[in-house]
Amino acid sequence: FSMHCEGNFFSEIQISDVDVALPIGCSDSEYLAALDTWLPLLFTSARPDLTYFQAGIDGLESDRLGRMSLTAAGLRARNARVMEAAAAYGSPIVVTMGGGY
């Protein structure tokens, strides 16, 4: 599962099982609405024994390469939603930070 900015690939995109492309300039509310739609579907269908959460911050509005407009509060809300969903479905979670420009 990947949620990312549709205009933010410098090379060929690596396809995942579920790719959710969000618009350039995506706001907290747009991002969190998409996350709220996908998280229950993914956890219900996949029933993961272990969840890996790559908690990147390139969506921050201050990241000039990320091309999204998320706030620190929005990323905290994202993190809480992912961790709460994993807990609700009984899936232990591994959290890593991202990077890689």
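**Notebook: fold, size and strand 2**

I read the order of elements from the N terminus first and got β-β-α-β-α-β. The model is a predicted one. My tally of elements for the protein is 2 helices and 4 strands.

I then looked up the overall dimensions. The radius of gyration is 13 Å, close to the 13 Å that the globule rule gives for 101 residues, so the protein is as compact as a globular protein of that length. I noted the span of the C-alpha trace along the principal axes as about 35 × 30 × 20 Å.

Next came contacts and burial. I took the contacts between residues at least 6 apart in sequence and found that 64% of them join residues at least 24 apart. Of the 101 residues, 34% are buried.

I turned to the strand pairing. Strand 1, residues 2-5, pairs with strand 2 in the parallel sense, and I recorded 4 bridges. Opposite leucine 22 of strand 2 I found cysteine 5.

Which side chains of strand 2 are buried? I went along residues 19-22 and saw the side chains alternate. Val20 and Leu22 point to one face and are buried. Asp19 and Ala21 point to the other face and are not buried. In a regular strand, side chains alternate between the two faces of the sheet. Leu22, which cysteine 5 stands opposite, is thus on the buried face of strand 2.

Last, surface and charge. I have the accessible surface at about 6300 Å², with 56% of it belonging to carbon and sulfur atoms. The protein carries 6 positive and 12 negative charges, and I noted their mean positions as 5 Å apart.

Methods:
Residues numbered from 1 in each chain as written. Predicted model: local features only at pLDDT ≥ 70, side-chain atom pairs only at ≥ 80, totals over all residues. Heavy atoms only, no water. Buried < 20%, exposed > 50% of the residue type's maximum accessible area, 1.4 Å probe, protein only. Pairing = 2+ DSSP bridges. Rg over C-alpha atoms; globule rule 2.2 N^0.38 Å. Contact = heavy atoms within 4.5 Å. Areas by Shrake-Rupley, 256 points an atom, 1.4 Å probe, with all protein chains shown as cover. Lys, Arg positive; Asp, Glu negative; His and termini not counted. Charge placed at Lys NZ, Arg CZ, Asp CG, Glu CD.
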